[in-house]
Amino acid sequence: MTTLTYDKPLPIIDELTKPFWDHALEHRLSVQACTHCRHLQFPPSPVCPKCLSDEQEWLVVSGQATLLSWVKFHRAYWDGFMQDVPYDACLVQLREGPIMVSNFSGPTPANVHVGMPLKVTFEHVTPEVALSRFTPA
Ligand SMILES: [Zn+2]
């Protein structure tokens, strides 16, 4: 029997971020929504940056996004990335507005360009963590 281990950094799941990770395990992407002014934000914060309300909820979003930028890492800052270099990190804007740093779900997409329509996918890396990635829509 082969033991699979995940040797890349894992998120710290706390009270603030747990709903995001729970949704991700169900392949649903979510962002924080202010219950007072409806501002949507990611990453989450204990208070709304627009109105300073501390009443926040989580909203499942479409998973549709637009590519804003991407960069290729040629150096492995953690040993777990040694086999992956060079790899891409991307900056996407969700259809609902918030911006996320993520990765493509595979190699650099063919014909990659700023403005490329993307959709979210999820990769289960541990029983507790599914990471969101983006692939051409
Ligand atoms: Zn607000």
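## Close-up views of a zinc site, two sets of strands and a core

**Figure 1. Strand 7 pairs with strand 4 and with strand 8.** A65 finds its bridge partner in strand 7, and that partner is L118. This is a predicted model, so keep that in mind for each view. The pairing shown here belongs to strand 4, residues 64-73, and strand 7, residues 117-124, which are antiparallel and share 3 bridges. Strand 7 also runs antiparallel to strand 8, residues 130-136, and 7 bridges join these two. To trace one of those contacts, start at E123 and look in strand 8, where L131 is its bridge partner. Following the chain from strand 7 to strand 8, you pass through a hairpin of 5 residues. As general background, strands of a sheet pair through backbone hydrogen bonds, either parallel or antiparallel.

**Figure 2. Four cysteines coordinate the zinc ion.** Which atoms coordinate the zinc ion? They are the SG atoms of C34, C37, C48 and C51, at 2.3 to 2.4 Å. The arrangement is tetrahedral because the angles subtended by the 4 donor atoms are 103 to 115°. For comparison, the ideal angle for four tetrahedral donors is 109.5 degrees. Read along the chain, the donors follow the spacing C-x2-C-x10-C-x2-C. C34 belongs to strand 1 (residues 30-34), while C51 sits in the loop between strand 2 (40-41) and strand 3 (56-60), so this pair ties together parts that are 17 residues apart in sequence. Are C34 and C51 buried or partly exposed? C34 has 0% relative accessibility and therefore counts as buried, whereas C51, at 29%, counts as partly exposed.

**Figure 3. Three strands form an open sheet, with Q41 in strand 2.** The order of the 3 strands is 2-1-3, and their pairing is antiparallel. Strand 2 and strand 3 are the edge strands, since each pairs on one side only. Strand 1 and strand 2 are joined by 2 bridges, and here Q32 stands opposite Q41. The side chains of Q41 and Q32 also make a polar contact of 2.7 Å. Another polar contact, of 3.5 Å, joins the side chain of Q41 to that of Q56. With a relative accessible area of 9%, under the 20% cut-off, Q41 is buried. Leaving aside residues up to four places away in sequence, Q41 touches V31, Q32, V47, C48, P49, Q56 and P98. One of these neighbours, C48, is also a zinc ligand through its SG atom.

**Figure 4. L94 takes its place in the largest nonpolar core.** This core has 23 residues, and L29, L67, V92, L94, M100 and F134 touch the most other members. Which elements give two or more residues to the core? They are helix 1 (18-25), strand 4, strand 5 (87-94), strand 7 and strand 8. L94 itself lies in strand 5 and is buried, with a relative accessible area of 2%. Its contacts, not counting residues up to four places away in sequence, are L29, V31, V61, Q64, A65, M100 and F134. Try finding L29 from here: L94 and L29 are 65 residues apart in sequence and 10.0 Å apart in space, C-alpha to C-alpha. A65, which you met in the opening view as the partner of L118, is also among the residues that L94 touches. In soluble globular proteins, nonpolar side chains tend to be buried together.

Technical notes
Residues are numbered from 1 along each chain as its sequence is written. This is a predicted model: local features need pLDDT of at least 70, side-chain atom pairs count only at pLDDT 80 or more; totals for chains, interfaces and linings use all residues. Side-chain values use heavy atoms; hydrogens and water are left out. Two strands pair if DSSP finds at least two bridges between them. Helices (H or I, at least four residues) and strands (E, at least two) are DSSP runs, numbered from the N terminus. Donors are N, O and S atoms within 2.8 Å of the metal (3.2 Å for Na, K and Ca); water is not among the atoms, so sites may look incomplete. Four donors count as tetrahedral if all angles lie between 85 and 135 degrees; four count as square planar and six as octahedral if opposite donors are over 155 degrees apart and all others between 65 and 115; anything else is irregular. Buried means under 20% relative accessible area, exposed over 50%, partly exposed in between (1.4 Å probe, protein chains only). A nonpolar core is a set of buried Ala, Val, Leu, Ile, Met, Phe, Trp, Tyr and Cys residues joined through side-chain atoms within 4.5 Å. A polar contact is a pair of N or O atoms within 3.5 Å; within protein, one must be able to donate a hydrogen and the other to accept it, and residues adjacent in sequence count only if both atoms are side-chain atoms. Contact means heavy atoms within 4.5 Å.
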